[in-house]
Amino acid sequence: MPRTLARTALAAGAVMVLAACGGNPTAAPAGDAGGPEASGPTEAEQLYEEIAGLSGQERRDRLVELAAEEDGLNLYTSMNADMVDAVTEAFEDEFDIEPSVYRAGSETVLQRILQEQEAGFPGNDVVETNATELMALQQEDVMAQCASPERMEEVPEAGKYEDWVATRFNLFAPSWNTNIISDPPEVWEDLADPKYDGQLALELGDYDWYMALTDYWLEQGKSQEEVDQLWADIVDGAKVVKGHTVMGELMSAGQYGLASSNYTYIVEAMKASGAPLETQPYVNPVIARPNGGSCMKTAQNPATAMLFMDWLLTEGQEVLAAAEATPSTAEIETEIVAVDGQKLLDEGSEWSQRYDDLLSGVEQVSD
């Protein structure tokens with residue numbers, strides 16, 4: 001969401017949202033609390049700067065000591081319910097700190113933060129959500145990079161940004177029903193092969209994947225005409241499904257044999273439950289959309305926020321993996337092409353419309 005759109009109507013809705021959230025609409029403005037309107041760094045930013053010079057066990061011990069003097073952790077996230085439960089329970093078990101969690105869709109998380117910031121209400125200490133929304137928050141200059149540089153070294157370049165860092169990736173890759181498809185695609189261009197006509201399904205909202213793959217093909221030297229023809233051949237004889245989980249369920253049931261771009265963690269979870277699905281070996285390259293996190297400049301519990309981000313990039317990576325997510329520090333044995341978060345923020349509406357036009361007239365399958 002561009003800055004101009006992000007700011008539109010925030011002031012009008014801020015008091016209403018804070019009342020619904022249990023916040024105090026008469027709380028001191030952000031400037032008084034050391035927020036974005038204040039001159040100079042906030043108290044939270046000063047702490048982030050102080051701790052930045054520490055590393056290893058010394059850093060962990062100091063954050064634990066400081067967190068004990070704070071009042072818990074307020075986390076806003078778009079993780080699914082099972083994932084956020086696993087993460088917060090493990091964090092509490094490790095540090096005896098029970099996070100207070102607001103969980104919603106990524107766009108709702110973004111709007112709540114922007115409205116609270118506009119109203120001068122420091123509601124959250126940490127945000128963990130999708131790249132597009134994080135780019136919008138970065139544009140608003142309300143976050144501060146606070147993760148351990150040591151752990152950030154383990155994150156690929158596709159997950160490193162000025163104000164936030166990837167904690168996990170959503171990987172887009174073809175998947176297939178092993179009872180139906182014996183010769184799965186090896187490269188993305190294979191999706192255009194007529195042998196998959198009647199067996200290929202695309203997800204209705206995957207315009208971010210569509211944008212990233214289009215850009216990749218153009219960067220590899222294909223002409224726009226060649227790329228357009230590839231997409232025309234892919235959708236010829238294809239079907240459309242709404243929702244990645246539904247896409248996996250219908251493919252498992254045999255309604256089609258091949259899904260163009262499901263999230264690998266969904267396929268792996270269904271496979272572990274006995275579904276006849278596979279997604280490996282991955283096509284080359286895998287399209288990755290980062291999900292990440294950061295501390296807020298207005299955090300009321302900044303040490304705990306830093307502790308959480310450091311933990312999420314260390315022990316928390318194993319918790320995410322156990323919850324079927326793809327941790328950002330995991331080794332992926334294929335080339336990764338990241339969805340361009342800034343481009344998606346700036347041009348998302350255009351690419352969404354182009355993808356809608358591409359799928360116009362394609363048969364939609366429902367559960």
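This is a guided tour of selected side-chain pairs and contacts in a predicted model.

**Stop 1: the disulfide**

Select Cys146 and Cys295. A disulfide joins them, with 1.9 Å from S to S. The structure holds one disulfide, and this is the place to see it. A disulfide is a covalent bond between the sulfur atoms of two cysteines.

Now colour by secondary structure. Cys146 lies in the loop between strand E4 (143-144) and helix H8 (149-152), and Cys295 lies in strand E10 (residues 286-296), so the bond ties together parts that are 149 residues apart in sequence. Turn the view to look along the S-S bond. The angle about that bond is 70°, and the link is right-handed. Then switch on a surface. Are these two cysteines buried or exposed? Both Cys146 and Cys295 are buried.

**Stop 2: Phe91 and its partners**

Next come the aromatic rings. A search of the whole structure finds 14 aromatic pairs. Select Phe91 and Phe95 for one of them. Their ring centres are 5.1 Å apart and their planes meet at 55°, so the pair is tilted. Tilted covers planes from 30 to 60 degrees apart.

Show helix H5 (residues 81-95) as a ribbon. Phe91 and Phe95 are four residues apart in this helix, which separates them by about one helical turn. Both phenylalanines are buried.

Keep Phe91 and add Trp311. How are the rings of Phe91 and Trp311 arranged? They form an edge-to-face pair, with 5.5 Å centre to centre and 70° between the planes. Phe91 is in helix H5 and Trp311 is in helix H13 (residues 302-312), so this pair ties together parts that are 220 residues apart in sequence. Check the accessibility of each ring's residue. Phe91 has a relative accessible area of 0% and is buried. Trp311 is buried as well, with a relative accessible area of 2%.

**Stop 3: the aromatic cluster and two charges over rings**

Clear the selection. Pick Trp188, Trp209, Tyr210, Trp217, Trp231, Trp351 and Tyr355, which form one aromatic cluster. Stay on Trp351 and add Arg354. The charged end of Arg354 sits over the ring of Trp351, 4.0 Å from the ring centre.

For another such arrangement, select Tyr102 and Arg112. Here the charged end of Arg112 sits over the Tyr102 ring, 4.0 Å from its centre.

**Stop 4: Glu186**

Select Glu186. This residue is in the loop between strand E5 (165-177) and strand E6 (200-203). Is Glu186 buried or exposed? Glu186 is exposed, at 62% relative accessibility.

Now show its surroundings. Leaving out residues up to four places away in sequence, Glu186 touches Val283 and Asn284. Add Tyr282 and draw a distance. The C-alpha atoms of Glu186 and Tyr282 are 7.4 Å apart in space, while the two residues are 96 apart in sequence.

**Stop 5: a salt bridge in the same loop**

The structure holds 15 salt bridges. Start with Asp183 and Lys195. Their side chains meet in a salt bridge, 3.0 Å from N to O. Asp183 and Lys195 both lie in the loop between E5 and E6, so the pair ties together parts that are twelve residues apart in sequence. Asp183 is partly exposed at 35% relative accessibility. Lys195 is also partly exposed, at 45%.

**Stop 6: Lys297, Asp141 and Glu45**

Move to Lys297 and Asp141. Their salt bridge has its closest N and O atoms 2.7 Å apart. Lys297 is in the loop between E10 and H13, and Asp141 is in the loop between helix H7 (131-140) and E4, so the bridge ties together parts that are 156 residues apart in sequence. Compare the two ends. Lys297 counts as buried at 13% relative accessibility. Asp141 counts as partly exposed at 41%.

Which residues share a network with this pair? Add Glu45 to the selection: Glu45, Asp141 and Lys297 are linked in a network of salt bridges.

**Stop 7: Glu50 and Arg62**

Finish with Glu50 and Arg62. They form a salt bridge, with the closest N and O atoms 3.9 Å apart. Glu50 is in helix H3 (residues 43-52) and Arg62 is in helix H4 (residues 56-67), twelve residues apart. Glu50 is partly exposed, with a relative accessible area of 45%. Arg62 counts as partly exposed too, at 28% relative accessibility.

Definitions and conventions
Residues are numbered from 1 along each chain as its sequence is written. This is a predicted model: local features need pLDDT of at least 70, side-chain atom pairs count only at pLDDT 80 or more; totals for chains, interfaces and linings use all residues. Side-chain values use heavy atoms; hydrogens and water are left out. A disulfide is a pair of cysteine sulfur atoms within 2.5 Å. Helices (H or I, at least four residues) and strands (E, at least two) are DSSP runs, numbered from the N terminus. Buried means under 20% relative accessible area, exposed over 50%, partly exposed in between (1.4 Å probe, protein chains only). Rings of Phe, Tyr and Trp (its six-membered ring) pair if their centres lie within 6.5 Å; planes under 30 degrees apart count as stacked, over 60 as edge-to-face and the rest as tilted. A charge sits over a ring if NZ of Lys or CZ of Arg is within 6 Å of the ring centre and within 35 degrees of the ring normal. Contact means heavy atoms within 4.5 Å. A salt bridge is a side-chain nitrogen of Lys or Arg within 4 Å of a carboxyl oxygen of Asp or Glu.
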